[in-house]
Amino acid sequence: MAFAAFATAEAQPQAPRKRSAIALVLLAPGIAYLVLFFLTPLVSLLLTSLQVQSEFGDIGEFDYAFNWQNYVDVVSSYWPHILRSFGYALVATVLALVISYPIAYFIGVKARSKPLLQGILLVLVIAPFFISFLLRTLAWKQVLSDESFIITSLKALSLMAPDAHFTGTPFAVIFGLTYNFIPFMTLPLYTTLERLDLRYLEAGGDLYASPATVFRKVTVPLSMPGIVAGTLLTFIPAAGDYVNASRDFLGGPGTQMMGNVIEANFLVLLNYPAAAALSIILMAAILILVGIYVKRSGTEDLL
């Protein structure tokens, strides 16, 4: 009896250790993937951002150092682009939310009893993904060019000045950002609203609340996870976008965002430390803003 109890006590600690070893083996491929394709490039980017110009090297040759002055230099040189990037992304995110919420509400709530219609509308929402991001933006450049039917008609109706342009303006860049990222906003909203329990809405009406009050007090709070997810999926890529603001697409010299500056420093100016420092600043700023937003919205479980 005593020997059996001793053997059982000795065997008990081995089971948790065995399960931990199995869990570690199962997690190893994912951990290796994250280290190889996320942590390693991030460390390389950080080290590049601290490099200094090689004393006897050619243009584009740098030596490893700890030159934190690179961050001060890029902020002082490109602070308008930093503010512009987050300003454009914020406006585009708000516009995408205003446009996408009614669409998602109709598909997820009103069309819930009509699966065929619901499926067709969902296909229409994701249809832009079937075409390249670059081709869609380039198409809008042609549609909104000075020679297009839309712009010439607006000028003929005196709704635009004869010498006015739409492309190359902040309005065109924000329009492009909003259009390209609307599906990223609509789909999370639809996912949340499609699971919305309609009995809550009926209960609000039974308590003599107006439709506007029910929407404000019931629908919006219950759909907050979708709102937060949609705004994050829209704001983060929009802040780092460099296609819409490019002079080759919808932007102009006065609409350059951080993505355009990073691209120019990497590929044209060959100033790798400046480009890497700007990339680190962009990532850090987005992480801080996202953390504050999620904390204030009360949806920390999404992180």
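Here is a short chat about helix contacts, ring pairs and unusual backbone angles in a predicted model.

Student: Hi! What should I know before I start, and how are residues numbered?

Tutor: This is a predicted model, where local features need pLDDT of at least 70, side-chain atom pairs count only at pLDDT 80 or more, and totals for chains, interfaces and linings use all residues. Residues are numbered from 1 along each chain as its sequence is written, and side-chain values use heavy atoms, with hydrogens and water left out.

Student: Cool. How do the axes of α9 and α10 cross?

Tutor: Helix α9 (residues 211–222) and helix α10 (residues 224–239) have axes that come within 4 Å and cross at roughly 55 degrees. That makes α9 oblique to α10. Angles under 35 degrees count as roughly parallel, over 145 as roughly antiparallel, 65 to 115 as roughly perpendicular, and the rest as oblique. The axes are lines fitted to C-alpha atoms, for helices over the stretch in contact, with angles from 0 to 180 degrees between N-to-C directions. Helices are DSSP runs (H or I, at least four residues), numbered from the N terminus.

Student: Which residues meet there?

Tutor: From α9, Val220, Pro221 and Leu222 meet Met224, Pro225 and Ile227 of α10, where contact means heavy atoms within 4.5 Å. The residues of this contact divide into 6 nonpolar, no polar and no charged. Here Ala, Val, Leu, Ile, Met, Phe, Trp, Tyr, Cys and Pro count as nonpolar, Asp, Glu, Lys and Arg as charged, and the others, Gly among them, as polar.

Student: Switching to rings: how many aromatic pairs does the structure hold?

Tutor: There are 12 aromatic pairs. Rings of Phe, Tyr and Trp (its six-membered ring) pair if their centres lie within 6.5 Å; planes under 30 degrees apart count as stacked, over 60 as edge-to-face and the rest as tilted. One of the pairs is Trp140 with Tyr179, edge-to-face at 5.4 Å centre to centre and 70 degrees between the planes. Trp140 is in helix α5 (residues 133–143) and Tyr179 in helix α7 (residues 170–194), so this pair ties together parts 39 residues apart in sequence.

Student: And which rings link into a cluster?

Tutor: Phe129, Phe133, Phe181 and Phe184, joined by ring pairs.

Student: Last one: where does Ser158 lie, and is it buried or exposed?

Tutor: Ser158 sits in the loop between α6 (149–156) and α7. Ser158 is exposed, with a relative accessible area of 64% (buried means under 20%, exposed over 50%, partly exposed in between, with a 1.4 Å probe and protein chains only). Though not a glycine, Ser158 has a positive phi of about 60 degrees.

Methods
Helices (H or I, at least four residues) and strands (E, at least two) are DSSP runs, numbered from the N terminus.
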